[in-house]
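Good morning, and thank you for joining. Please take a moment with the sequence and the structure before I begin.

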Amino acid sequence: MRIKQAIAVEDRCFLLIQETNEIIAWGGNHRGQLGLGHYEDVFKPTKIDVLSKAGVKITYISAGGDLNLACSEQGEAFAWPFIHNGIKQSIPTRMPFSEKTKILKVSCGHNFGFFISN
């Protein structure tokens, strides 16, 4: 496995982007911070299938506290986990504003994030 970018976040959660632009996640997951669609800890590096199955190629990731952000080659922005309309989202979810604005990079602090556009 060739690694393009790697980050470690709180609560023993680890994320990395492979050279193939796919996100691999493992570690603590009690808030859904791995982006795998469930809340069980995962001790084996696991691909975030929801993105790779959709053909999304991730170029940049960031994490802080309970928030993870990513952006794709196409300029789409993704976030997880979060609550939207009372529903927990534990998979990377495309942010609607990225339909109109190309996102180049993302950055997180402790439970807040920035989307950097062109």
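Aspartate 66 is partly exposed, because its relative accessibility is 26% and that class lies between the 20% and 50% limits. The model before you is a predicted one, and every value I quote is computed from it.

Which residue does aspartate 66 meet in a salt bridge? Its partner is arginine 31, with an N to O distance of 2.8 Å. This pair joins distant parts of the chain, 35 residues apart: aspartate 66 sits in the loop between S5 and strand S6 (67-72), while arginine 31 belongs to the loop between S3 and S4. Arginine 31 is also partly exposed, at a relative accessible area of 31%.

The loop between S3 and S4 also contains aspartate 41, which is linked to arginine 12 in the loop between S1 and S2, 29 residues apart. In this salt bridge the closest N and O atoms are 3.8 Å apart. Arginine 12 has a relative accessible area of 48% and is partly exposed; aspartate 41, at 32%, is partly exposed as well.

The structure holds 5 salt bridges. Another of them connects glutamate 99 and arginine 94, whose closest N and O atoms are 3.3 Å apart. Here glutamate 99 is exposed, at 58% relative accessibility, whereas arginine 94 is partly exposed, at 35%. Together with Glu76, these two residues form a network of salt bridges.

Let me turn to the sheet. Four strands make up an open sheet in the order S1-S2-S3-S4, and their pairing is antiparallel. Why is one side of S1 and of S4 left without a neighbour in the sheet? Strand S1 (3-9) and strand S4 (42-47) are at the edges and each has a single partner strand, so one side of each stays unpaired there. From one strand to the next, the twist averages 15 degrees. Strand S3 (residues 23-27) pairs with S4 in the antiparallel sense over 3 bridges, and glycine 27 stands opposite valine 42 in S4.

Finally, the interior. The largest nonpolar core comprises 17 residues, and Leu15, Ile23 and Ile58 have the most contacts inside it. At least two residues of this core come from each of strand S2 (13-18), S3, strand S5 (58-64) and strand S7 (77-80). Leaving aside residues up to four places away in sequence, isoleucine 58 touches several residues, including Ile17, Ile23, Leu51 and Phe78. Another core, of 9 residues, lies apart from the one just described; among its members are Leu69, Ala79, Met95 and Ile103.

Note on methods: Residues numbered from 1 in each chain as written. Predicted model: local features only at pLDDT ≥ 70, side-chain atom pairs only at ≥ 80, totals over all residues. Heavy atoms only, no water. Pairing = 2+ DSSP bridges. Axes fitted to C-alpha atoms, helices over the stretch in contact; angles between N-to-C directions. Core = buried A, V, L, I, M, F, W, Y, C linked by side-chain atoms within 4.5 Å. Buried < 20%, exposed > 50% of the residue type's maximum accessible area, 1.4 Å probe, protein only. Contact = heavy atoms within 4.5 Å. Salt bridge = Lys/Arg side-chain N within 4 Å of Asp/Glu carboxyl O.
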